[in-house]
Amino acid sequence: MSVKKHRYAATASTVYFSYFMMGIGMSLLAQFKPQFASLWHSSISEVLSVVSAVGIGGIVSILITGPISDHFGRRASAVIGHLLWAIYYIGLLYAPNFAVAYIIGILGGIANSFLNASNFPALMEIFSESASVAGLMSKFAINIGQFCLTLAILLGTALDSGYRTVFMLAEILYIVMALILAFSPYPDQVTGPKKQEKAKHDFKPVANFYAAGELVGGANGKDSMPSMMNSWSYASGFVAGTAAADNANNYAVDVITSASHAPAPKPEATSGAIHYHC
């Protein structure tokens, strides 16, 4: 591990654990619909409306969380996002009715938008030499979280306090992550032109390697298991296809360049006669 990566090990580990928690939280509320319907004196459909409110909150806040992250830094955006998630989990437990729960659901979507604006750029800046792999591992962490959702549900049913323990534990974990990231080092933010300049050097020409990555990745994405590995396959197909396309372009440029600098063909002797290439 390089000195740079070792310096940001705590930051990167916490960010990946945040993605893991995101995978668990995607469907956690929907697993306890009857309990929350009773808690909020509402119906199952209203609980599902709170689930959809998370998406609405992410959409309405997406235009402001990015500029906030760029202007105030990844750390500030990450701390805000994790604290909002903590408020989301504890707020759902103490919401007196559906209306308050719906507002808290929108707050959860805003939290998710803050994390999207901080976590992924932070990984790209920490692992600048292997940004594609770092991004792919974030998707993998989410899938692992979705896989472990079953364990969270079993924990909730096994304990006497049920779903409350699961949500309170999630709240505590998000507060801990906010504290860790508040005091963890972050790399300097990379501006747009530097990112583009770096991207030009991410791919190296590989002879006779054209669209194989698109074919293999596309097949994986279509035919893989429909649960945990779906996002992984789609992401790997995208990365492989992008690399294949760039490699094909680089290879074509090398071929054209080599041909333009190639010496003129020499005459060949065939059956005693001299033939010249036109």
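Which side chain meets Asp-70 in a salt bridge? That was my opening note, and the answer is Arg-74, with N and O 2.8 Å apart. I should say at once that I am working from a predicted model.

**Entry 1: the salt bridges**

I looked up how many salt bridges the structure holds, and there are two. Asp-70 with Arg-74 is one of them. Glu-125 also forms a salt bridge with Arg-74, and here the closest N and O atoms lie 3.0 Å apart. This pair ties together distant parts of the chain: Glu-125 sits in helix α6 (residues 98–126) and Arg-74 in helix α5 (residues 74–94), 51 residues apart. Since the salt bridges share partners, I can draw Asp-70, Arg-74 and Glu-125 as one network.

**Entry 2: how covered are these three?**

Is Arg-74 buried or exposed? I found a relative accessibility of 4% for Arg-74, so this residue counts as buried, the cut-off being under 20%. Glu-125 is buried too, with a relative accessible area of 3%. Asp-70 comes out as partly exposed, at 47%. My sketch of the network therefore has Arg-74 buried, Glu-125 buried and Asp-70 partly exposed.

**Entry 3: the second largest pocket**

Next I turned to a pocket. The second largest one holds about 240 Å³ of space. I count 16 residues in its lining, and those closest to the centre are Gly-25, Met-26, Val-54, Trp-85 and Asn-112. Which elements give two or more residues to this lining? They are α2 (9–25), α4 (44–72), α5 and α6. I was glad to meet α5 and α6 again, as they are the helices that carry Arg-74 and Glu-125.

What kinds of residue make up the lining of this pocket? I noted 12 nonpolar residues and four polar ones, with no charged residue in the lining.

**Entry 4: the whole chain**

I finished by stepping back. The protein chain has 11 helices and two strands. Reading along the sequence, I pass through the helices and then reach the two strands, in the pattern α-α-α-α-α-α-α-α-α-α-α-β-β. Of the 278 residues in the chain, 38% are buried, and Arg-74 and Glu-125 are among the buried ones.

I also checked contacts between residues at least 6 apart in sequence: 79% of them join residues at least 24 apart. The accessible surface of the chain comes to about 15,500 Å², and carbon and sulfur atoms account for 67% of that surface.

Note on methods: Residues are numbered from 1 along each chain as its sequence is written. This is a predicted model: local features need pLDDT of at least 70, side-chain atom pairs count only at pLDDT 80 or more; totals for chains, interfaces and linings use all residues. Side-chain values use heavy atoms; hydrogens and water are left out. A salt bridge is a side-chain nitrogen of Lys or Arg within 4 Å of a carboxyl oxygen of Asp or Glu. Buried means under 20% relative accessible area, exposed over 50%, partly exposed in between (1.4 Å probe, protein chains only). Helices (H or I, at least four residues) and strands (E, at least two) are DSSP runs, numbered from the N terminus. On a 1 Å grid over the protein atoms alone, a cavity is a set of points where a 1.4 Å probe fits but cannot get out, and a pocket is an open set with protein on both sides within 12 Å along at least five of seven lines; lining residues have an atom within 4 Å of a point. Grid points are joined across faces, edges and corners, and a volume is the space filled by probe spheres set on the points. Ala, Val, Leu, Ile, Met, Phe, Trp, Tyr, Cys and Pro count as nonpolar, Asp, Glu, Lys and Arg as charged, and the others, Gly among them, as polar. Contact means heavy atoms within 4.5 Å. Accessible areas come from the Shrake-Rupley method with a 1.4 Å probe; for residues, only the protein chains shown count as cover.
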